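Work through the exercises below with the structure open beside the text. Each task is followed by a solution in steps.

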Amino acid sequence: MNLHEYQGKEILASFGVRIQRGMVAHNAQEAVDVAKRLTQETGSEWHVIKAQVHAGGRGKGGGVKLAKNLDEVEQIAGQIIGMDLVTPQTPPEGKRVHQVLVAEDVYYPGENEPDEYYMSVLLNRATGRNMIMYSTEGGMDIEEVAEKTPHLIFNEEIDPTIGLMPFQARKIAFNLGLSGMAFKEMTKFVTSLYKAYVESDSNLFEINPVLKTSDDKIMAVDAKVSIDDNSLYRRPVYAEMRDLREESAIEVEAREVGLNYVDLDGNVGCMVNGAGLAMATMDLIKMAGGEPANFLDVGGTADAKRVEEAFRIILKDPAVKAILVNIFGGIVRCDRVAQGIVDAYKNMGDSIKVPIIVRLQGTNAELAKEIIDNSGLAVHSAVQFQEAADKVKEVLA
Ligand code: GDP
Ligand code: MN
């Protein structure tokens, strides 16, 4: 589950990670009120107004702006709230901004130059360990840094049984070229950041930039935080932070009925049991000249009710031109799945307007094919993988 920057920062702060202070506002007047309150704390009239949407690159898209007085806060907040912000990470039509973060300006001049670093915490799936990825090249596109100057990106892997060791935090501060007070601040920052990552059940923290202020404080200026969905049952406070407006409406509905569904851009809907088979099915669709419209794992119970729910979800996507059902009957018998499909189809009456190809393999597969073939419905059956691919090609032609 992805969070907004302001929510991610709240979590970081709750673990003692220093952040650029700020508060969320839903309209221009609230933004002014927040700015007044911040000025009481900081003594500064300068604030940044930051669009809160689930997408990075906001700065480039005009979603992050500096306001030097209350009039500018009001004007900029008014302009950003309600806009459709387009960044390299949004869909081409942009994302509607419902709220802004009004934050203290932390790029104030001083003895030293402010400096921006990159830092993320994530799981390295290859080694099965958490790692801290960091770079001196903060504030810009990390993908570009990785491509052009990969030697400027460092990794620090953490032994899960020991946790982050003090020498590792010092090594990170050292590799970032820090000394003195900034060095100490960075070791504290890294230590609390890692603790926050583990104890919040997150699966991604990306802090870009981490800022060294002109008076050598280290703080998170941006925060991309993603909490592991599987932990939300024991993190009710975080679960509350979900913003459904930021998520695909179909995915939200699928989650409610317990289906594992991911929206994609193609034209062939997929209904599959098991994630591995779902991946193979998507490959199959591509080989047949189609593009998968979704990833959908119906899980272990492919009964009529579940199949019907899955059909309904898939058909909400207007791009779907055909549906491929690919189910392996191991514990669940193919003939029962076939009956489920036939019942669901009959229940749904006219709402299914696209061809359906059903490939059932496993226990009672031949019997299942008979049930489909004898149902009198416009459903194409297949037993072999290739047969199913050929039928997809046929109906798309
Ligand atoms: P992103 O573009 O979506 O990644 O949003 P960020 O939160 O990273 O902000 C983008 C850029 O805005 C940062 O890299 C900074 O250069 C700038 N910025 C953020 N906070 C401040 C601030 O307090 N003062 C000034 N002057 N610039 C800021
Ligand atoms: Mn950023």
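**Exercise 1. The protein as a whole**

What percentage of the 397 residues of the protein count as buried? Describe also the secondary structure, the extent and the domains.

Solution. The model is a predicted one.
- Step 1: Buried residues make up 49% of the 397 in the protein.
- Step 2: Counting secondary structure gives 13 helices and 18 strands.
- Step 3: Measuring along the principal axes, the C-alpha trace spans about 80 × 50 × 40 Å.
- Step 4: The chain divides into domain 1 (1-19 + 109-246), domain 2 (21-105) and domain 3 (248-396).
- Step 5: Between the centres of domain 1 and domain 3, taken over C-alpha atoms, there are 41 Å.
- Step 6: Take the contacts between residues at least 6 apart in sequence; 66% of them join residues at least 24 apart.

**Exercise 2. A pocket and its place among the domains**

Which residues line the second largest pocket, and why does this pocket lie between two domains?

Solution.
- Step 1: The space in the second largest pocket comes to about 180 Å³.
- Step 2: Its lining is made up of Arg18, Ile19, Arg21, Thr42, Ser44, Trp46, Glu104, Asp105, Val106, Tyr108, Lys217 and Met219.
- Step 3: Sorted by character, the lining has five nonpolar, two polar and five charged residues.
- Step 4: Residues of the lining come from both domain 1 (1-19 + 109-246) and domain 2 (21-105), so the pocket lies between these domains.

**Exercise 3. The surroundings of His47**

Is His47 buried or exposed, and which backbone oxygen does its side chain reach at 3.3 Å?

Solution.
- Step 1: Locate His47 in strand S2, which covers residues 47-51.
- Step 2: The relative accessible area of His47 is 1%, so the residue counts as buried; the cut-off for buried is under 20%.
- Step 3: The His47 side chain reaches the backbone oxygen of Ala35 at 3.3 Å.
- Step 4: A polar atom of the same side chain also lies 3.3 Å from the backbone oxygen of Glu45.
- Step 5: Leaving aside residues up to four places away in sequence, His47 touches Ala35, Leu38, Thr39, Lys65, Leu66, Ala67, Val73, Val102, Ala103, Glu104 and Asp105.

**Exercise 4. The cavity**

How many cavities of 30 Å³ or more does a search of the whole structure find, and which element gives the most to the lining of the largest cavity?

Solution.
- Step 1: Rolling a probe the size of a water molecule over the atoms shows where empty space is left.
- Step 2: The search of the whole structure finds one cavity of 30 Å³ or more.
- Step 3: The volume of the largest cavity is about 40 Å³.
- Step 4: Around the largest cavity are Val358, Leu360, Ala365, Ala368, Lys369, Ile372, Ser381, Ala382 and Val383.
- Step 5: Strand S17 (356-362), helix H12 (365-373) and strand S18 (379-382) are the elements that give two or more residues to this lining.
- Step 6: The most comes from H12, with four residues.
- Step 7: By character, the lining of the largest cavity holds seven nonpolar residues, one polar and one charged.

**Exercise 5. Backbone geometry**

Which residues does a cis peptide bond join, and where are Asp201 and Asn364 found?

Solution.
- Step 1: Most residues other than glycine have a negative phi, and most peptide bonds are trans.
- Step 2: The peptide bond between Asn208 and Pro209 is cis, with omega about 10°.
- Step 3: Pro209 belongs to strand S10, residues 202-212.
- Step 4: Asp201 has a positive phi, near 55°, and sits in the loop between helix H6 (180-199) and S10.
- Step 5: With a relative accessible area of 13%, Asp201 is buried.
- Step 6: Asn364 also has a positive phi, near 60°, and lies in the loop between S17 and H12.
- Step 7: The relative accessibility of Asn364 is 33%, so Asn364 counts as partly exposed.

**Exercise 6. Sequence distance and spatial distance**

How many residues apart in sequence are Glu10 and Asp33, and what is the distance between them in space?

Solution.
- Step 1: Find Glu10 in helix H1, residues 5-14.
- Step 2: Glu10 has 46% relative accessibility and counts as partly exposed.
- Step 3: Glu10 and Asp33 are 23 residues apart in sequence, and their C-alpha atoms are 19 Å apart in space.

Terms used: Residues are numbered from 1 along each chain as its sequence is written. Chains are lettered from A and ligands numbered from 1 in the order in which they are written. This is a predicted model: local features need pLDDT of at least 70, side-chain atom pairs count only at pLDDT 80 or more; totals for chains, interfaces and linings use all residues. Side-chain values use heavy atoms; hydrogens and water are left out. On a 1 Å grid over the protein atoms alone, a cavity is a set of points where a 1.4 Å probe fits but cannot get out, and a pocket is an open set with protein on both sides within 12 Å along at least five of seven lines; lining residues have an atom within 4 Å of a point. Grid points are joined across faces, edges and corners, and a volume is the space filled by probe spheres set on the points. Ala, Val, Leu, Ile, Met, Phe, Trp, Tyr, Cys and Pro count as nonpolar, Asp, Glu, Lys and Arg as charged, and the others, Gly among them, as polar. Domain bounds come from an automatic or database domain assignment. Buried means under 20% relative accessible area, exposed over 50%, partly exposed in between (1.4 Å probe, protein chains only). A polar contact is a pair of N or O atoms within 3.5 Å; within protein, one must be able to donate a hydrogen and the other to accept it, and residues adjacent in sequence count only if both atoms are side-chain atoms. Contact means heavy atoms within 4.5 Å.
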